[in-house]
Amino acid sequence: MKIAIIGTGYVGLTTAVVFAYLNHDVAAVDKDERKLNLLHEGRSPIHEPGIQSLLEEVQHAIRFTPSVTEVVPEAELILIAVGTPPKKNGEADTQHVVQAAKEVAQVCLPDRHYTLVVKSTVPIGTNQRVVEVVEEVFSERGIQGNISIASNPEFLQEGLALQGAFYPDRIVVGANSDKAIDTLRRLYKPILEQTFDPPSEFPRPASYHLPPMMTTDPNSAEMIKYAANTFLALKISFINEIAGLCEKAEADVTEVARGIGLDARIGNRFLQAGLGWGGSCYPKDTAALLRVAAQSGYEMPITEAARTVNFRQRKRVVEKLHSTLGTLKGKTIGILGLAFKPNTDDIREAPALDIVRELIAAGATVQAHDPIAIANARLALNENAETDNDKLFFTEDVYELSYDADALVLVTEWELYHKLELRRLAKQMKTPILIDGRNVFSPEEARAAGFHYIGVGRP
Ligand code: UDX
């Protein structure tokens, strides 16, 4: 199938590479010259396990271009995968989605049928807005036009984007048109029936079952995306709330999570207590959902609370440092991990950024390590000169962090941190204090290595 994808961010690029691998004829449009230059050289602008090699494998089957006009008229299906960044009031900004829909409608051929699919995460009602925008452009052009519009929310998890695209739990389609549903069913056929040969880096999991394609109305499809993300966010916030009480009650939250997770109704995933969620989705989508609710005069106290608990986790780390070290003035704190989670260089809404800012504001000096996110973090933290540069250092040598440090804080659970030589780290420190913000280490081992160990929700 000839498809055009607008936007080559995490969602757009992953989708382009996967559909090209599945033998669709893919064109991907982006206005960002930097990204296009990289893509033309065969280099991925995003860091995502497996994407570079898959991109190289399918490069001959994808065309990257800045021009909607060049690729949309010939396409059968057009996917909008542009960003919907948060506005100051939390609302998701859909201007790029609307703009993309306009551009598509401007170049569609009047005698052809198209399916236009919104993949970006958008507030409920956006699909309807896209329908109106397309009709407005058609009437300006004085043509009838023939477009079916659908919503197909994306559940991409960074770090697992390709795995999730080849082996999704489900595909959700919101559409009022049978034609659109048929086209999407053809698009996803190789995935729905798992008829493709798995790429070597992404073998089909033995326990994988064929995914259902659920069809529904567009508003419900848009709501499914927000509800799914909010539910996962509140599951994590719930275990973090329990973790705080475990600290008071001398219980161990990792044991509690294991115990409740064994109940099949609860499930053991997304129950890892720690520094909470960051990234481009949960913070933004929970805020956007609250905005949608507020606009309807509806209160969502559970969603509000999930956010409160989440952002409190970041402050609690600094409080733990305060109560162990007394003042933070003049103290040196090592930060292990800057990315919002492992296997990505994405630092959007990363807990580490808030923690670094708080520590510096409290008079501490911060040394930070991350295997791949230093460049992005440096940019984010130095922007607006909000952080005092004399108090913030980055190092690519993880052991350098501990020299004369007063405490270490593990913020992101990178695989390499699991294997650190704790004894060596502890020896180099002024005071061997380890705040394990993701409960990566065994408290016994950390203590045996000489650390004063403080986890999250562990006695
Ligand atoms: C999420 C959803 O998983 C995905 O379906 C949606 O499309 C976009 O949002 P992502 O933001 O990439 O994906 O990351 P995810 O793996 O869900 O983790 C989000 C945050 O939650 C990370 O900061 C992670 O550290 C944190 N987390 C996750 C926990 O604190 N505890 C957990 O048990 C799981």
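## Exercises on charged side chains

Arg-291 and Glu-91 form a salt bridge in which the closest N and O atoms are 3.9 Å apart. The structure is a predicted model, and the exercises below concern its charged residues.

**Exercise 1.** Determine which parts of the chain are linked by the pair Arg-291 and Glu-91, and place the pair in its network.

*Solution.* Begin with the criterion: a side-chain nitrogen of Lys or Arg must lie within 4 Å of a carboxyl oxygen of Asp or Glu. The N to O distance of 3.9 Å between Arg-291 and Glu-91 qualifies as a salt bridge. Next, locate the two residues. Arg-291 belongs to helix α11 (residues 282-295), while Glu-91 sits in the loop between β4 (77-80) and α5 (95-107). The partners are 200 residues apart, and the pair links distant parts of the chain. Then consider accessibility: Arg-291 has a relative accessibility of 25% and therefore counts as partly exposed. Finally, Lys-87 joins Glu-91 and Arg-291 in a network of salt bridges.

**Exercise 2.** Explain how the positions of Lys-189 and Glu-193 in their helix relate to one another, and classify the accessibility of Lys-189 and of Glu-193.

*Solution.* The side chains of Lys-189 and Glu-193 meet in a salt bridge, with an N to O distance of 3.5 Å. Both residues lie in helix α8 (residues 178-193); because they are 4 residues apart, about one helical turn separates them. For the classification, partly exposed applies between the limits of 20% and 50% relative accessible area. Lys-189, at 43%, is partly exposed, and Glu-193, at 42%, is likewise partly exposed.

**Exercise 3.** Carry out the analysis for Arg-258 and Glu-255 in helix α10.

*Solution.* The N to O distance is 2.9 Å, and the two side chains form a salt bridge. Within helix α10 (residues 253-261), Arg-258 and Glu-255 are 3 residues apart, so the separation is about one helical turn. Exposed means over 50% relative accessible area. Arg-258, at 52%, counts as exposed, whereas Glu-255, at 43%, is partly exposed.

**Exercise 4.** State which residues form the negative surface patch, and describe the setting of Glu-135.

*Solution.* The patch consists of Glu-132, Glu-135, Glu-136 and Glu-140. Membership requires over 30% relative accessible area and no salt bridge. Glu-135 has a relative accessible area of 51% and is exposed. As to its location, Glu-135 lies in helix α6 (residues 126-141).

**Exercise 5.** How many salt bridges does the count give?

*Solution.* With the 4 Å cut-off between nitrogen and carboxyl oxygen, the count comes to 23 salt bridges.

Definitions and conventions: Residues are numbered from 1 along each chain as its sequence is written. This is a predicted model: local features need pLDDT of at least 70, side-chain atom pairs count only at pLDDT 80 or more; totals for chains, interfaces and linings use all residues. Side-chain values use heavy atoms; hydrogens and water are left out. Patches are made of residues with over 30% relative accessible area and no salt bridge: like charges are joined within 9 Å, nonpolar side chains (Val, Leu, Ile, Met, Phe, Trp, Tyr) within 5 Å. Accessible areas come from the Shrake-Rupley method with a 1.4 Å probe; for residues, only the protein chains shown count as cover. Lys and Arg count as positive and Asp and Glu as negative; His and the chain ends are not counted. The place of a charge is taken as NZ of Lys, CZ of Arg, CG of Asp or CD of Glu. Helices (H or I, at least four residues) and strands (E, at least two) are DSSP runs, numbered from the N terminus. Buried means under 20% relative accessible area, exposed over 50%, partly exposed in between (1.4 Å probe, protein chains only).
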